[in-house]
Amino acid sequence: MCSQVVTRFAPSPTGFLHIGGARTALFNWLFAKANGGKMLLRIEDTDRERSTDAAINAIIAGMDWMGLSYDGDPISQYSRVERHREIVDTLLASGKAYRCYCSPEELTEMREKARAEKRPPRYDGTWRDRDPSEAPEGVKPAIRIKAPQEGETVIEDQVQGTVRFPNKDLDDMIIMRSDGNPTYNLAVVVDDHDMGVTHIMRGDDHLTNAARQTLVYQALGWEVPTMAHIPLIHGPDGAKLSKRHGALGVEAYRDMGYLPEAMRNYLVRLGWAHGDDEVMTTEQMIEWFGFEGMNKAASRFDFKKLENLNGIHMRNAADDHLYDQWVSLLPHLEGGEALLAKIDDAKKAQIMLAMPSVKERAKTLLELKAGLEFLFDTRPLEMEDKAAKLLTDDARLLLGELVPKFEALGEWSLESTDQLVRAFAEEKELKLGKVAQPLRAALTGRSTSPGIFDVLIILGKDEAIARLKDQSK
């Protein structure tokens, strides 16, 4: 019987959850979900100087916003240091590792000699077979793995294919430093084995680490997990992704008004494809996701594509879902808390009335916010420049004539207000726009808004007429 699929996301807590890390987490999460497995979270916090609680919290908050859940509690790599040391002792006892007493100066000299002879700067095995009795007094040794010196280490990678590393190029890497701290490549292997990880998905910058870690697995007689090394994300210009391209924390994308489901959709397409499908629900991604759709080439981050995709997801989203997303974003925006304080049941009802029309024009939640702000304005409205220019003396006279007609209207509906305004424009021998544009300006203080008849209904009869009176002559 096949064991359960177990993936892991293993970030270093030295900063926010950046976009590359978010994609790695997403791929691991999707693969686990697609195969009825589980994804674990391991915080690789062995670098004590750079690891912070704030960064751990930021990573977890970023995953929460992305909707990427993990199974069990986060595991601290640092907390497992005694287990790592125990495994180093096991390797020493079995003769698969040895103590190296080389000084930093000797190692530097070794590297310089190799470079001078145009060889890779590798450790030359000075202490590999020496008698421990030759150890200098008072020197704490590093522990090195006794790697094979001939042949090659082969990685059967699910994305990169068969990757071969000549063992002579891998050398006897340090698995525990002279200060007693295990190294990354040792700790990762022990943790993945103990956590039952069956599949490792990470950036292809870890390919050489995969070879070194495979040597540790083999020395311990442990099964090597299935590996998949994903090409990195590049900027639009093909250069390595940087902050100017969009290598920001995921909370920055939240604050720019992107939906988590759109981010998942966009990121999954950076390195994976399902035919020509561009727009996918999360359920479809889980159903379709697998190694066969992964690309070998690096992907390019494109803000325009992300924005367009986000607009599609907004138009496809249920109104109540969009409302919840918008409300959850407000506390993170300047002035958002004040706006939130104004939302009562009546205001929410207005927002929900406006949502179908506003979301059609918005590509982000920030644009949605801008489209809804006319609902929160207090009278008399402050006019945008373009709106103020529409309210000429003639336009204000027209509004003055419209007010009593609106007041006399029995039923306040889309149909009745539409008929009234059209009949009024015809009576005045004006194109509809000549009436609708100043009407929009007077009702919203803006030159763009949802459909003008939608605005009349959303505001309600009393508020709409009051706003018109403020601007009419």
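Over the face of which residue does R23 lie, and at what distance from the ring centre? In this predicted model, R23 is placed over the face of F27, 5.5 Å from the ring centre. A second arginine is arranged in a comparable setting: the charged end of R144 sits over the ring of Y123, at 3.6 Å from its centre.

Aromatic rings also pair with one another. A pair of aromatic rings is described by the distance of the centres and the angle of the planes. Searching the whole structure yields twelve aromatic pairs. One of them joins W272 and F289 in a tilted arrangement, with 5.2 Å centre to centre and 40° between the planes. W272 belongs to the loop between α8 (260-268) and α9 (282-288), while F289 belongs to the loop between α9 and β12 (299-300); the pair therefore ties together parts that are 17 residues apart in sequence. W272 is buried, its relative accessible area being 1%. F289 is likewise buried, with a value of 5%.

Another tilted pair is formed by W326 and F376, whose centres are 6.3 Å apart and whose planes make an angle of 50°. Here W326 is part of helix α11 (residues 319-329) and F376 is found in the loop between α14 (365-372) and α15 (385-390), so this contact ties together parts 50 residues apart in sequence. W326 has a relative accessibility of 1% and counts as buried. F376, at a relative accessible area of 7%, is buried because the limit for that class is under 20%.

Finally, aromatic residues also gather in a group: Y253, Y258, Y266, F301 and F303 make up one aromatic cluster.

Note on methods:
Residues numbered from 1 in each chain as written. Predicted model: local features only at pLDDT ≥ 70, side-chain atom pairs only at ≥ 80, totals over all residues. Heavy atoms only, no water. Phe/Tyr/Trp six-rings, centres within 6.5 Å; stacked < 30°, edge-to-face > 60°. Helix = DSSP H or I, 4+ residues; strand = E, 2+ residues; numbered from the N terminus. Buried < 20%, exposed > 50% of the residue type's maximum accessible area, 1.4 Å probe, protein only. Lys NZ or Arg CZ within 6 Å of the ring centre and 35° of its normal.
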